[in-house]
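Let's take a friendly walk through a protein structure together. Have a look at the sequence and the model first, and then read on.

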Amino acid sequence: MTLSALVGKSTNDLPNMIVIMCDDLGYADVGFNGCKDIPTPNIDSIAQNGVKCTSGYVAYPVCGPSRAGFITSRYPQRFGFERNPQYKPFDPDMGLTREEKTIAELLKPAGYQSGIIGKWHLGAHIPTSHPMKRGFDEFYGHLGGGHTYFPEKLTIQRSQDAKDEPQSYISWLLKGYEPVPPRKYLTDDFSDEAVSFVDRNRDWPFFLFLSYNAPHGPLEATPKYLNRFSHLPEGKRKTYAAMVSAVDDGVGRLLKKVREHGLEEKTMIAFLSDNGGPSSKNGSSNAPLRGNKSDIWEGGFRVPFAIQWKDRLPAGLVFEYPVSALDLGATIVAHSGAEVPKNKPLDGVNLIPYLKGQKKTSPHEAIYLRKFDQNRFAVRHGNEKVVIPWKGADPLLFDLSTDISETNNLGVERPERVRKLEKLRKSWNKELIDPTFEGLMLRKLRKDSKSKKR
Ligand code: CA
């Protein structure tokens, strides 16, 4: 018997959740955050029909740990997922620890069907780390951190035969556990699958994680989308714009399908990026935020963030208190009757009472970030943010309400605020563990130092 049956609630009453996550999309690259050169009318409609969160954060400024945070609703630094995993199909420990539960695992006893379409990046060891070993009922996508977009480039059939991250980019996609012959431009392919998922699961509660790898590199777009940007100069930004436009088309088709089935009132739909844009690599923009992907500055981990839920959330609201990607899972879990293990409480909170104005305070006392390998930290508390740029450095303090670009250090002027935020940071840091696996970067550093010795 499912939990929802035990509490006398029909599973038909339970809400759905769709999370659309882009990969390496810049803060400024959606219309709802002021983008002018890339029209994103469908993505913008989520903000127009719901809530735009101007201070939406992810748990980490690069892909893997950010996703580990989202999928567990817990800070990934609590369980050692603090580096981008290497692509190791035969290493069960290279990825999300089995000690942690995913949102899909939490929702399952309540009667949910969960699907992930797109990028996983939480471990490539199929027997233990595959999404369907981690609570998902369906998977269509790739296990590694990125993928080529053109079907004709996919030359490795079995994902286990890819020896490293670059090779994983050219392996066939998996449908469940089966490799699938290449079909079409990847973003369109994922959009097709997402529409089909809603068709197939419309009669029971579902959680769909549409995890586009766009607009992460390689920069690849088809003429259909490139032709929309003939006014832009040739270069990274043009291809990037075309890739974002392809995502926007997919979002439009998915929203239309949800409407067609009359599921808008039953479905919370969120849109966000997994980290800030790496501007020099893919032509993205995080303006007016400082920094890029992988930074502890706002541009690293403050992302485009919007949520709609027809009749449950106000339309057109701009919400300025900090919210987190960790809140999305926590919100649907709170509405599902699912149980959370007592020894692993969620860091995310149910956002609905805050977004509806029933609770007037900030949803979080603070938003935290640690980058273990670089000894960097950031803590946002109210409108202030303390930054430790490297080990032993004096803490910097910024007031984001007047200085969103983090240019004016107020650390000397406001010592009592520095002390307060430092106290929060140190107390949070005590709850964390060291990283549990060697990431892509360390491997690269080791290789570089070896080749220098030779
Ligand atoms: Ca990313």
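The report below visits the nonpolar cores, then the metal site, and then some salt bridges.

**The nonpolar cores**

Please keep in mind that this is a predicted model. In soluble globular proteins, nonpolar side chains tend to be buried together. Here the largest nonpolar core has 80 residues, and the members that touch the most others are Val19, Phe70, Phe207, Phe209, Leu272, Ile307 and Leu328. Both domain 1 (14-355) and domain 2 (367-429) give residues to this core, so it lies between them. A second, separate core holds 47 residues, including Tyr140, Val180, Ala241 and Met243.

To get a feel for the packing, try Leu272. Leaving aside neighbours within four places in sequence, Leu272 is in contact with residues that include Val19, Ile20, Met21, Val58, Phe305 and Leu328.

**The calcium site**

Which residues supply the protein donors of the calcium ion? They are Asp23, Asp24, Cys63, Asp274 and Asn275, with Asp274 listed for two OD donors, and the donors lie 2.2 to 2.6 Å from the ion. Along the chain, the donors follow the spacing D-D-x38-C-x210-D-N. Asp24 sits in the loop between strand E1 (16-22) and helix H2 (41-48), while Cys63 belongs to helix H3 (residues 63-72), so this pair ties together parts that are 39 residues apart in sequence.

The six donor atoms subtend angles of 53 to 161° around the calcium ion, which makes the arrangement irregular. Are Asp24 and Cys63 buried or exposed? Asp24 is buried, at 2% relative accessible area, and Cys63 also counts as buried, at 2% relative accessibility.

**Salt bridges**

The whole structure contains 38 salt bridges. Three of them are listed here, with the distance between N and O atoms.

| Pair | N to O distance |
|---|---|
| Asp23 and Arg67 | 3.9 Å |
| Asp29 and Arg237 | 2.9 Å |
| Glu100 and Lys344 | 3.3 Å |

Where do the partners of the last pair lie? Glu100 is in the loop between H3 and helix H4 (103-107), and Lys344 is in the loop between helix H12 (326-336) and helix H13 (352-355), 244 residues apart. Glu100 counts as buried, at 3% relative accessibility.

Asp29, in turn, counts as buried at 0% relative accessibility.

Asp23 and Arg67 are both buried. These two also join Lys119 and Asp274 in a network of salt bridges. Asp23 and Asp274 are thus familiar names, as both appear among the donors of the calcium ion.

Conventions: Residues are numbered from 1 along each chain as its sequence is written. This is a predicted model: local features need pLDDT of at least 70, side-chain atom pairs count only at pLDDT 80 or more; totals for chains, interfaces and linings use all residues. Side-chain values use heavy atoms; hydrogens and water are left out. A nonpolar core is a set of buried Ala, Val, Leu, Ile, Met, Phe, Trp, Tyr and Cys residues joined through side-chain atoms within 4.5 Å. Buried means under 20% relative accessible area, exposed over 50%, partly exposed in between (1.4 Å probe, protein chains only). Domain bounds come from an automatic or database domain assignment. Contact means heavy atoms within 4.5 Å. Donors are N, O and S atoms within 2.8 Å of the metal (3.2 Å for Na, K and Ca); water is not among the atoms, so sites may look incomplete. Four donors count as tetrahedral if all angles lie between 85 and 135 degrees; four count as square planar and six as octahedral if opposite donors are over 155 degrees apart and all others between 65 and 115; anything else is irregular. Helices (H or I, at least four residues) and strands (E, at least two) are DSSP runs, numbered from the N terminus. A salt bridge is a side-chain nitrogen of Lys or Arg within 4 Å of a carboxyl oxygen of Asp or Glu.
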